[in-house]
Amino acid sequence: MSNTLIHILKNDCPHCHQGKIFKENSIFFKFSFPKMNEYCSHCHYKFKKEPGYFFGAMYVNYGLTVAQSITTYVIASFFFKETFDLRIIPIIMGVIIALSPLNIRLSRLLWIYMFKNYSN
């Protein structure tokens, strides 16, 4: 399990762990829409199985965003006197916007790894 998480964070191919899924080597701190390779450069594993394959990754992205929003609220609430201060909302929105490029890449990586054929 820990090796799988390392491979996900390193943007490795789920089949051979040699090639990269995204054209950028790192999944962190890229403020643009991710550009994916169609096939692995090493084993020619096809990343996009069918049209609409990554629609399910939107649900993973939603879960990541909700978890980050709740975490941001809990951390930010320590700095305000009231239980729910409306000034927390722009902070949560800023965190969501700042982490959205990472969430897109991470949700697609998780989606690809969830549907990898583990019988091989």
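Student: How many disulfides does the structure hold?

Tutor: Zero. The model is a predicted one, and a disulfide would need two cysteine sulfur atoms within 2.5 Å.

Student: What makes the pair C13 and C40 too far for a bond?

Tutor: The closest cysteine sulfur to that of C13 belongs to C40, at 3.7 Å. The cut-off is 2.5 Å, so the pair does not count as a disulfide.

Student: Which cysteine sulfur is closest to that of C40?

Tutor: The one in C16, at 3.6 Å. That value also fails the limit of 2.5 Å, therefore C40 and C16 are not a disulfide either.

Student: Why is C13 called buried?

Tutor: Buried means under 20% relative accessible area. C13 has 0%, so C13 counts as buried. C40 has 1% and is therefore buried by that rule too.

Student: What does F47 touch, leaving out residues up to four places away in sequence?

Tutor: Its contacts include C13, C40, K20, I21, M36, F54 and I112.

Student: Which residues have the most contacts inside the largest nonpolar core?

Tutor: I21, M36, F47, F54 and I112, in a core of 18 residues. Helices α2 and α3 each supply at least two residues of this core, and α3 gives the most, with five. In soluble globular proteins, nonpolar side chains tend to be buried together.

Student: What makes K20 and D12 a salt bridge?

Tutor: Their closest N and O atoms are 2.8 Å apart. The limit between a side-chain nitrogen of Lys or Arg and a carboxyl oxygen of Asp or Glu is 4 Å, so the pair qualifies. A search of the whole structure finds one salt bridge.

Student: Is K20 buried or partly exposed?

Tutor: Partly exposed. Its relative accessibility is 23%, and buried means under 20% while exposed means over 50%, so K20 falls in between. D12, at 3%, is under 20% and therefore counts as buried.

Student: How many helices and strands are in the protein chain?

Tutor: Three helices and zero strands, which gives the pattern α-α-α along the sequence.

Student: Where is S69, and why is S69 called buried?

Tutor: S69 is found in helix α2. Its relative accessible area is 15%, under the 20% limit, so S69 is buried.

Student: How do you know which residues S69 is in contact with?

Tutor: Contact means heavy atoms within 4.5 Å. Leaving aside neighbours within four places in sequence, S69 is in contact with I92 and I96. S69 and I92 are 23 residues apart in sequence, with their C-alpha atoms 5.8 Å apart in space.

Student: Where is F79, and is F79 buried or exposed?

Tutor: F79 lies in the loop between α2 (55–77) and α3 (88–114). Exposed means over 50%, and F79 has a relative accessible area of 69%, so F79 is exposed.

Student: Which residues make the nonpolar surface patch of about 800 Å²?

Tutor: Y62, V66, I70, V74, I75, F78 and F79. Patch residues must have over 30% relative accessible area, and F79 at 69% therefore meets that condition.

Student: How many residues does the protein chain have, and what percentage count as buried?

Tutor: The protein chain has 120 residues, of which 37% count as buried. The chain exposes about 8000 Å², with carbon and sulfur atoms supplying 66% of it.

Technical notes. Residues numbered from 1 in each chain as written. Predicted model: local features only at pLDDT ≥ 70, side-chain atom pairs only at ≥ 80, totals over all residues. Heavy atoms only, no water. Helix = DSSP H or I, 4+ residues; strand = E, 2+ residues; numbered from the N terminus. Buried < 20%, exposed > 50% of the residue type's maximum accessible area, 1.4 Å probe, protein only. Areas by Shrake-Rupley, 256 points an atom, 1.4 Å probe, with all protein chains shown as cover. Patch = residues over 30% accessible without salt bridge, like charges linked within 9 Å, V, L, I, M, F, W, Y side chains within 5 Å. Core = buried A, V, L, I, M, F, W, Y, C linked by side-chain atoms within 4.5 Å.
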